[in-house]
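Please look over the sequence and the structure below. The text that follows leads through a few residues and helix contacts, and then turns to the chain as a whole.

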Amino acid sequence: MASGRTRALLIALALLLVLNLLLGWYWSREPDLQPLLEPQSGQPAGTHTASTLQALMQHLLDKPGGYLSNDILPPSVFLDNMPNWEFGVLVQVRDMTRSLRRDMARSQSQSAEDRDLARAEPRFHFDHNSWAMPASESEYRDGLKSLDAYIKRLHAGDAQFHARADNLAGWLGDVNTRLGSLSQRLSASVARNSNDPRVDRTAWSEIDDVFFEARGTAWALVQLLRAIEHDFADVLDKKNARASLQQVIRELEATQQSIWSPVILNGSGLGLLANHSLVMANYLSRANAGLIDLRRLLEQG
């Protein structure tokens, strides 16, 4: 009798393990590069950018498994790739919301900020690891409500969006900083001189974390830059900058290629094994260089 119970318990544990593995695999799948939204003709300026921002946050909350970064139960608690991917997306949501509140929704620096964006931005900056009292998700959904109110007011003509070159250049400056930091952290997976105190090498245990944060960052930026191409079309054409923007998008799209290795490899630069971090850093660096050229075009008179 006891052996029968033991066998049943072992079978139940094995099935539970398999179920957790399957759920972990399914919940860790990244989305493809299909546009989250298609631009609608005749909609007010800024609607596509704000709606894409909204769709990014909704995807974080409603994708398979939901928002995983603050989970404390299996299988989520054993996953780290998707939570780091989520953080990369979340940072881009925060940066764009701040840019909307600070620049794009204001006619000049002395004008009043938009009331709904002023509520949305601090909600999106809430701790991304909070499990309860309040949970991250509840704060982010409150932010979504305020962002949705701003979008509705855009449609009604009661909110502002200023598609100016200086506003776009300001947000691109934030993107430059983010991509530059990620490129450095990815490149630091290989220490060129361990005796140099200026070298801050990325720990081996953090290499895949940075890699998937970069993947999430690039995916979110592709979506946002496509929206920017629509809402800032006149500015881009006037500055002859559309081709530069499209080149940046192509470089970021290349970061989303399928990963065929079961683990993120960290071989030396010219060794036998691949170094996924250096490949990712290369794409981000090229995208960053393109953004610098794009900002230069926008800032020219």
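His48 is a residue of helix 2, which spans residues 47-62. In this predicted model, His48 has a relative accessible area of 5%, so it counts as buried. Setting aside neighbours up to four places away in sequence, the contacts of His48 are with Leu37, Glu38, Pro39, Gln43, Ala227, His230 and Asp231.

Helix 2 also packs against helix 5. The two axes come within 10 Å and cross at roughly 160 degrees. Angles over 145 degrees count as roughly antiparallel, and helix 2 and helix 5 are therefore roughly antiparallel to each other. The crossing of helix 2 with helix 5 is left-handed. On the helix 2 side, the contact is made by Thr47, Ala50, Ser51, Leu53, Gln54, Met57, Gln58, Leu61 and Asp62. Helix 5 contributes Glu137, Tyr140, Arg141, Leu144, Leu147, Asp148, Tyr150, Ile151, Leu154 and His155 to this contact. Sorted by class, the residues in the contact of helix 2 with helix 5 are 10 nonpolar, 5 polar and 4 charged.

Helix 5 has another partner in helix 4. Helix 4 covers residues 115-124 and helix 5 covers residues 136-156; their axes come within 8 Å and cross at roughly 155 degrees. How are helix 4 and helix 5 oriented to each other, parallel or antiparallel? With that crossing angle of roughly 155 degrees, they are therefore roughly antiparallel. Helix 4 passes helix 5 with left-handed crossing geometry. From helix 4, the residues that make the contact are Arg115, Asp116, Leu117, Arg119, Ala120, Arg123 and Phe124. From helix 5, they are Glu139, Tyr140, Asp142, Gly143, Leu144, Ser146, Leu147, Ala149, Tyr150 and Arg153. This contact of helix 4 with helix 5 consists of 8 nonpolar, 2 polar and 7 charged residues.

Several helix 5 residues can be followed from one contact to the other. Tyr140, Leu144, Leu147 and Tyr150 of helix 5 are among the residues in the contact with helix 2, and Tyr140, Leu144, Leu147 and Tyr150 are also listed in the contact with helix 4.

Ala149 belongs to helix 5 and is one of the residues in the contact with helix 4. Is Ala149 buried, exposed or partly exposed? Its relative accessibility is 24%, so Ala149 counts as partly exposed. The cut-off for buried is under 20%. Ala149 and Met104 are 45 residues apart along the chain, and their C-alpha atoms are separated by 16 Å.

The loop between helix 4 and helix 5 holds His128. The relative accessible area of His128 is 18%, and so this residue is buried. Apart from neighbours within four places in sequence, His128 is in contact with Tyr67, Ser69, Asn70, Phe87, Leu90, Arg94, Ser136 and Tyr140. Tyr140 thus returns here: this residue of helix 5 takes part in the contact with helix 4 and in the contact with helix 2.

Further along the chain, Leu224 sits in helix 7, which runs over residues 207-231. Leu224 is buried, because its relative accessible area is 0%. Not counting residues up to four places away in sequence, Leu224 touches Thr52, Leu53, Leu56, Gln92, Met96 and Trp171. Met96 is 128 residues from Leu224 in sequence, while the C-alpha atoms of the pair are 8.5 Å apart in space. Leu53 of helix 2, one of the residues touched by Leu224, also takes part in the contact of helix 2 with helix 5.

Helix 7 has a contact with helix 10 (residues 276-299), where the axes come within 10 Å and cross at roughly 30 degrees. Helix 7 and helix 10 are therefore roughly parallel to each other. Their crossing is left-handed. Ile207, Phe211, Ala214, Arg215 and Ala218 of helix 7 meet His276, Ser277, Met280 and Leu284 of helix 10. The residues of this contact comprise 6 nonpolar, 2 polar and 1 charged.

The whole chain can now be considered. The protein chain has 10 helices and 0 strands. Its C-alpha atoms fill a box of roughly 80 × 45 × 35 Å along the principal axes. Of its 301 residues, 48% count as buried. Among contacts with a separation of 6 or more, 76% are between residues 24 or more positions apart. The accessible surface of the chain is about 15400 Å², and carbon and sulfur atoms account for 55% of it.

Notes:
Residues numbered from 1 in each chain as written. Predicted model: local features only at pLDDT ≥ 70, side-chain atom pairs only at ≥ 80, totals over all residues. Heavy atoms only, no water. Helix = DSSP H or I, 4+ residues; strand = E, 2+ residues; numbered from the N terminus. Buried < 20%, exposed > 50% of the residue type's maximum accessible area, 1.4 Å probe, protein only. Contact = heavy atoms within 4.5 Å. Axes fitted to C-alpha atoms, helices over the stretch in contact; angles between N-to-C directions. Parallel < 35°, antiparallel > 145°, perpendicular 65-115°, else oblique. Left-handed = near helix turned anticlockwise from the far one by under 90°. Nonpolar A, V, L, I, M, F, W, Y, C, P; charged D, E, K, R; others polar. Areas by Shrake-Rupley, 256 points an atom, 1.4 Å probe, with all protein chains shown as cover.
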